[in-house]
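Q: I would like to learn how to read pockets, cavities and helix packing in a protein model. Could you take me through them one at a time?

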Amino acid sequence: QRISRLDGIDKASGRAKYTSDYNKPNQLQTAMLACPFAHAKVKSIDTSAAEKMPGVKGIHLIVKPGDEIQWAGWEVAFVAAETEPQAHDAARAIKVEYDVLDHVVQEHDLKKAGNRAKASGEKMEGDPDAALKEADAVSEGTYGIPVIAHCCLEPHGNVIQFDGSKAEFNPSTQAVTPIQADLARQLEIPAANVHVHMDHIGGGFGSKFQSDRWGIASAHLSKQNNGRPVKVYLDRASEMTIAGV
């Protein structure tokens with residue numbers, strides 16, 4: 001028999017409210033500064049110009065001088081401002097000096113990565129060398145698979161209010177209960193002090209389980225502003241580059 005979805009009418013009518021739709025009173029907007037290099041060491045970060053720009057209310061650094069970045073698009077800093085354009089302008093004004101290092105692209109170059117390479121998941125049964133010698137014909141080739149992204153229609157992100165002791169957390173997540181403990185651990189506050197609320201998720205597909213670096217950054221930016229709500233959502237390029245791939 002037909003079963004009606006509890007959220008069916010709201011979603012079909014457009015009344016369903018996703019966290020990315022939230023715009024709370026007095027809310028600050030954010031922008032992210034990402035590293036353009038696949039492998040680099042941070043030499044210096046200068047935020048002085050960005051801090052003086054109109055509307056800027058806070059800057060939270062994800063990395064610091066001396067840190068090594070191993071992925072193009074990795075988060076360097078988040079800026080909170082009164083408007084999104086102001087936040088983006090300030091992010092572009094942050095000056096970062098990198099020592100660009102060699103990076104690995106193909107699997108056969110993994111030996112160049114040294115101890116940075118993950119152990120392979122290789123599983124072998126039988127004697128492949130003996131089987132090849134006994135075969136009537138041998139065809140050799142190199143095979144691979146593409147990177148697969150979850151491509152959620154609603155990107156990763158959240159709205160948060162954090163005053164230093166209590167957090168009102170509105171994430172896009174599949175883990176409404178576990179993410180409470182994750183955020184509490186990251187902020188070093190009791191889990192009972194984190195209230196998580198989410199009505200609908202715009203796709204997850206095996207992602208959106210942790211608070212993530214942008215969630216923690218937005219919490220600290222909210223704390224810098226006496227608990228003002230801070231909204232952070234990745235744009236599509238960042239979503240495809242660093243979120244759950």
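A: The turns below deal with the source, then the pockets, the cavity and a pair of helices.

Q: What kind of model is this, and which residues count?
A: This is a predicted model, in which local features need pLDDT of at least 70 and side-chain atom pairs count only at pLDDT 80 or more, while totals for chains, interfaces and linings use all residues. Residues are numbered from 1 along each chain as its sequence is written, and side-chain values use heavy atoms, with hydrogens and water left out.

Q: What is a pocket, and what volume does the largest pocket have?
A: On a 1 Å grid over the protein atoms alone, a pocket is an open set of points with protein on both sides within 12 Å along at least five of seven lines, whereas a cavity is a set where a 1.4 Å probe fits but cannot get out; lining residues have an atom within 4 Å of a point. Points are joined across faces, edges and corners, and a volume is the space filled by probe spheres set on them. The largest pocket has a volume of about 1,200 Å³, and of its 31 lining residues Gln70, Trp71, Val104, Leu110 and Lys118 lie nearest the centre.

Q: Which element gives the most to the lining of the largest pocket?
A: Helices (H or I, at least four residues) and strands (E, at least two) are DSSP runs, numbered from the N terminus. Here α7 gives the most, with three residues, and β4 (68-69) and α7 (236-242) each supply at least two.

Q: How do the residues of the second largest pocket divide?
A: Ala, Val, Leu, Ile, Met, Phe, Trp, Tyr, Cys and Pro count as nonpolar, Asp, Glu, Lys and Arg as charged, and the others, Gly among them, as polar. The lining of the second largest pocket divides into nine nonpolar, four polar and four charged residues, and its largest share, six residues, comes from β1.

Q: How many cavities of 30 Å³ or more does the structure hold?
A: The structure holds one cavity of 30 Å³ or more, with about 70 Å³ of space. Of the 13 residues that line this cavity, Gly157, Ser172, Gln210, Asp212 and Trp214 lie nearest its centre, and the lining divides into four nonpolar, seven polar and two charged residues.

Q: At what angle do α5 and α6 cross?
A: Two packed helices are described by the angle between their axes and the distance between the axes. Axes are lines fitted to C-alpha atoms, for helices over the stretch in contact, and angles run from 0 to 180 degrees between N-to-C directions. The axes of α5 (residues 178-187) and α6 (residues 212-224) come within 11 Å and cross at roughly 55°. In contact (heavy atoms within 4.5 Å), Leu183, Gln186 and Leu187 of α5 meet Ile216, Ala219 and His220 of α6.
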